[in-house]
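Q: I would like a close look at a single part of this model, followed by an account of how that part sits within the rest of the chain. Please take it step by step.

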Amino acid sequence: MAKTKTQFICSNCDFISARYLGRCPNCGEWGTFIEEQIQPETQSRKSRVGLDGKTAKVEKINQVSLEETPKVATDLKELNRVLGGGVVAGTLVLIGGDPGIGKSTLLLQVSGQLAAHGKVFYVTGEESATQVKMRADRLEVGGDDFYLYPETDMEAIKKQVEELKPNFLIIDSVQTMQEPDLTSPIGSVAQIREVTADLLQIAKTNNISIFIVGHVTKGGAIAGPKILEHMVDTVLYFEGDRHYKYRILRAVKNRFGATNELGIFEMRDKGLSEVANPSEIFLEERLAGATGSAIVATLEGERPILVELQALVTPSVFGNAQRTATGLDRNRVSLIMAVLEKRANLLLQNQDAYLKAAGGVKLDEPAIDLAIAVAIASSYQDKESPASDVFIGELGLTGEIRSVSDLEGRLKEARKLGFARAVVPKNNLAGMKIPEGLEVIGVATIKEALKLALG
């Protein structure tokens, strides 16, 4: 009997090694190598063949027929926003998130809504048909064109797709599906790669919109090979704390819309409901007269959202000062504190700093720098900033306030929520239309901004 040959694949970058390595020489990550069996070469190769038997052919680009297919809009406007206007025919969408966050609930709700526009084929590998039916009854989801299939075998699934010819296919989840021709275990790198390749072929050759549920690792990334995210058209992350009712759907890749687009949902007994004005949620519990608080108008995709940034600065008890950030980049916080110490004469090297973005949202754009600096200075000096002020701007290492994108959209959102004054980069003001009723003050340095905010 021939000896089974194995190889080791990095789950982060797909680098292949003949032996196990603790650290990947390609991407530098630790503990990412997974053993899998080397599959024997076969003569058959997969080609793009549609359900009608038609195969792909070589065409001149000027002769390719362009059929304008409208996007299918769901009843959830927040989901439509994240997808770029609706569900595109023939798209392959990957949605990942922590266990219990609501991925299956979201897709079950969406499936019921899409059933009004065509046949929906819901394949579950994690639950029985009875379990899905119980959840569907609770969510009041159903329809004559909604088909349910509890199966994990990809050959059986493809056979049912050929017979049913659905318009929408939901796979829950890709880690539970298996290709019977592969000897690798379910959930392995080889299985996930081949299953996704099969689903990609089904989507592109038959114009079927496919949603895939993906598990995530401890680090928050989609479990499986990195190529999984490259193969699909759209990658969505469903975020939030299971102990709170709000959920955030974020697009990190989208071939048919803006990336980093954000959708806010509220988890209720009847499922997920959309939040039309997320800025009000992030600001509704702001304490009047509190120090260490500043409001920023951040941009998520094409959507401006107002978020409260909070800072608590206290004398350090131990030798090294601590820097803790929730929803913010810890390195960015350390950099801003260094600029404040050097350019604004604030002695922060012996101070512990704890920062968070209220509401559980994660912010990573440069325009939040000024609000972080104001919140830190406010807590350190124990002076409150005006409750009607909003702060927008990137902070440079020399203490300058740099320009940001789409300042007009941010200011319109601030005015809509009743803010009276905005402190913004001075270089952004040239030729800009200022919303009526909002005082906009341009600043060039961090010293000017802190003088305006704290006096």
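Which helix lies across strand 1 and strand 3, and at about what angle to strand 3 does that helix run?

A: In this predicted model, the helix in question is helix 5, made of residues 189-206, which lies across strand 1 and strand 3 and runs at about 75° to strand 3. The two strands that helix 5 crosses belong to an open sheet of three strands, whose order is 2-1-3 and whose pairing is antiparallel. Strand 2 (16-17) and strand 3 (33-37) stand at the edges of this sheet, each with a single partner strand, so one side of each is left without a neighbour in the sheet. Strand 1, residues 6-10, is joined to strand 3 over five bridges in the antiparallel sense, and within that pairing T6 has Q37 of strand 3 as its bridge partner. As background, the strands of a sheet pair through backbone hydrogen bonds, and they may do so in a parallel or an antiparallel way.

Parallel pairing appears elsewhere in the chain, around strand 7 (residues 168-172). On one hand, strand 5 (residues 120-124) pairs with strand 7 in the parallel sense over five bridges, and F121 stands opposite L169 of strand 7; on the other, strand 7 pairs with strand 8 (residues 209-214), again in the parallel sense, over four bridges, with I212 of strand 8 as the bridge partner of I171. Strand 7 is mostly covered, since five of its five residues are buried. In a regular strand the side chains alternate between the two faces of the sheet. In strand 7, F168, I170 and D172 point one way while L169 and I171 point the other way, and all of these residues are buried.

Further along the chain, helix 10 (residues 407-416) has L407, G409, R410, L411, E413 and A414 as its buried residues. These buried residues pack against a mixed set of elements, namely helix 7 (278-283), strand 13 (293-300), strand 14 (303-315), strand 17 (389-391), strand 20 (421-425) and strand 21 (439-443). Helix 10 is followed by G418, a residue whose phi is positive, near 95°.

A loop residue can be set beside that helix: L346 is placed in the loop between helix 8 (330-343) and strand 16 (351-357). L346 counts as buried because its relative accessibility is 5%, where the cut-off for a buried residue is under 20%. Leaving aside neighbours within four places in sequence, L346 is in contact with L340, E341, A377, Y380 and Q381. From L346 to L411, one of the buried residues of helix 10, the separation is 65 residues in sequence and 29 Å in space, C-alpha to C-alpha.

For the chain around these parts, the model contains eleven helices and 21 strands, and its C-alpha atoms fill a box of roughly 75 × 50 × 50 Å along the principal axes. Of the 455 residues in the chain, 49% are buried, and among contacts between residues at least 6 apart in sequence, 67% join residues at least 24 apart. The chain exposes about 22,600 Å², of which carbon and sulfur atoms supply 49%, and the mean positions of its 53 positive and 59 negative charges are 4 Å apart.

Terms used: Residues numbered from 1 in each chain as written. Predicted model: local features only at pLDDT ≥ 70, side-chain atom pairs only at ≥ 80, totals over all residues. Heavy atoms only, no water. Pairing = 2+ DSSP bridges. Contact = heavy atoms within 4.5 Å. Axes fitted to C-alpha atoms, helices over the stretch in contact; angles between N-to-C directions. Buried < 20%, exposed > 50% of the residue type's maximum accessible area, 1.4 Å probe, protein only. Areas by Shrake-Rupley, 256 points an atom, 1.4 Å probe, with all protein chains shown as cover. Lys, Arg positive; Asp, Glu negative; His and termini not counted. Charge placed at Lys NZ, Arg CZ, Asp CG, Glu CD.
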